[in-house]
Amino acid sequence: MLTSTALVLLMTPGLALFYGGQARSKSVLNMMMMVFSTFATVGVLWVIFGYSMSFGDDVGGGLLGNPGQYFMLSSLLSETVQTDGLPDIAFVAFQAMFAILTVGLIAGAAADRMKFNSWMVFSILWATLVYFPIAHWVFDLDAGWIANGIGAVDFAGGTAVHINAGTAALVLCIVLGRRRGWPREAMRPHNLTMVMLGAGLLWFGWFGFNAGSAAVANYSAAYAFLNTVVATCTAICGWLIIEQIRDGKATSLGAASGIVAGLVAITPACAAVTPLGAMAIGFIAGIACAYGVGLKYRLGFDDSFDVVGVHLVGGLVGTLLIGFFAWDGSPSEVSGVFYGGGWGQLGIQAIAALAVIAYSGVVTAIIAFVVKAIMGLRVEDDSEAAGIDEGEHAESGYDFSSLRSGGGGLGSSHSTLSAPTQVTATAGKEG
């Protein structure tokens, strides 16, 4: 569990690289700061009351844990507090990484234009009012109404993490509004090497995410581990095939996005389907998400880094396909349509997904509008145009000081080989 916890922690820096590479050079630091900031907000809340709200004794029909039961975790610090030989504090640390990452996922929809202070307040309110209650629904196997009440299968967080974050991302980017110039201007990733590195780290950390959800190194963990491998492999194939057919080129961004799409889709299903079923889910997710990222152009919402197209769409694919591909010989012991289980499980999966979408969507909208009314959500126009890194953090992601000259500047008639031109952090590929 400690190893799995460390792996899941690594996913947040991996996500920062994945999103940061997709940002423009003038926005890369802000994007990475938005992701890293969830350690500061959600990590602290988790110790104070977040774990209690998620895993405390139920106080509302499977909807919420007792916020004060494990306040500051003081009642869990004794060495004798264990469950099946596992210290409870190991599970506390493991689940903390889930909470931190989930909030960080939302940041990709708000790139280039959200005030950093507003993001911090939004993340605190969203974790408290949205993530912690939904984590109780899904991850508390003894009391949560989704896991225990209706018997939905979600081994590692397809609903609580990906559908939840994807829905919140959709709402937040709509309330924020479009970036300046989108979609007329090409806003290309400034560093695809960074994107691919981030995707690789996400895949590496995801083994802790999925296999670690077994809470012990056993058959279920190995089963989830293998399915996480093969589903991701086929998702890459699905995404690149669509790119090749549609665009005539298979891209590195497509490969990296295919990795994440496959990981998202197999997350709820990794202990419920056969390896063949996992490959099918991954391949379908790669295709569905490759098309799903285009929804923002058709519907007009500026989801900067395709959180909706990958996490919401991928989460729905994985959650619903359990109803078809679940095999009762798997650790989850549930049968879907293709294994003689009928349509009942599919209906249960749909109820779980729709409930998370509805709750997350409504509460996220309320939080976003409240923060907007009190402190505003967007940076000033000139700050957005010049670069949010400088405007919000007084920093730039790349140091061009060695290229500066005393009087020469970009386009200056005095610039020579001995006096290199001045290049600012806003000058780059996207310019």
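Asp112 sits in the loop that joins α3 (88–106) to α4 (116–139), and in this predicted model its backbone has a phi near 80 degrees, a positive value in a residue other than glycine. With a relative accessible area of 4%, Asp112 is buried, because the cut-off for that word is under 20%.

A second aspartate offers a contrast in its surroundings. Asp84, in the loop between β1 (82–83) and β2 (86–87), likewise has a positive phi, here near 55 degrees, but its relative accessibility is 81% and Asp84 therefore counts as exposed. A further backbone feature is found in the loop between α6 (158–176) and α7 (192–211), where Pro183 is placed; the peptide bond leading from Trp182 into Pro183 is cis, with omega near 5 degrees.

From the loops one can turn to helix α10, which covers residues 275–292, 18 residues in total, and reaches 25 Å from its first C-alpha to its last, close to the 26 Å expected at 1.5 Å a residue. Its buried residues are Gly277, Ala278, Ile281, Gly282, Ala285, Gly286, Cys289, Ala290 and Gly292. An α-helix has 3.6 residues a turn, so residues three or four places apart point the same way. The buried residues of α10 pack against four other helices, namely α8 (219–247), α9 (252–266), α11 (295–299) and α12 (307–325).

Beyond α12, in the loop between that helix and α13 (344–375), lies Ser330. Is Ser330 buried or exposed? Its relative accessible area is 3%, and Ser330 is therefore buried. Leaving aside residues up to four places away in sequence, Ser330 touches Tyr223, Ala271, Ala272 and Val273.

The last stop is on the surface, where Val121, Leu125, Leu129, Val362, Ile366, Val370, Ile374 and Met375 make a nonpolar patch of about 650 Å². Helices α4 and α13 each supply at least two residues of this patch, and α13 gives the most, with five. One of the residues in the patch is Ile366, which is found in α13 and, at 51% relative accessibility, counts as exposed, because that word applies over 50%. The helix α4 that contributes to this patch is also the one that follows the loop holding the buried Asp112, which brings the reader back to the starting point.

Definitions and conventions
Residues numbered from 1 in each chain as written. Predicted model: local features only at pLDDT ≥ 70, side-chain atom pairs only at ≥ 80, totals over all residues. Heavy atoms only, no water. Expected span 1.5 Å × (residues − 1). Buried < 20%, exposed > 50% of the residue type's maximum accessible area, 1.4 Å probe, protein only. Contact = heavy atoms within 4.5 Å. Patch = residues over 30% accessible without salt bridge, like charges linked within 9 Å, V, L, I, M, F, W, Y side chains within 5 Å. Areas by Shrake-Rupley, 256 points an atom, 1.4 Å probe, with all protein chains shown as cover. Salt bridge = Lys/Arg side-chain N within 4 Å of Asp/Glu carboxyl O.
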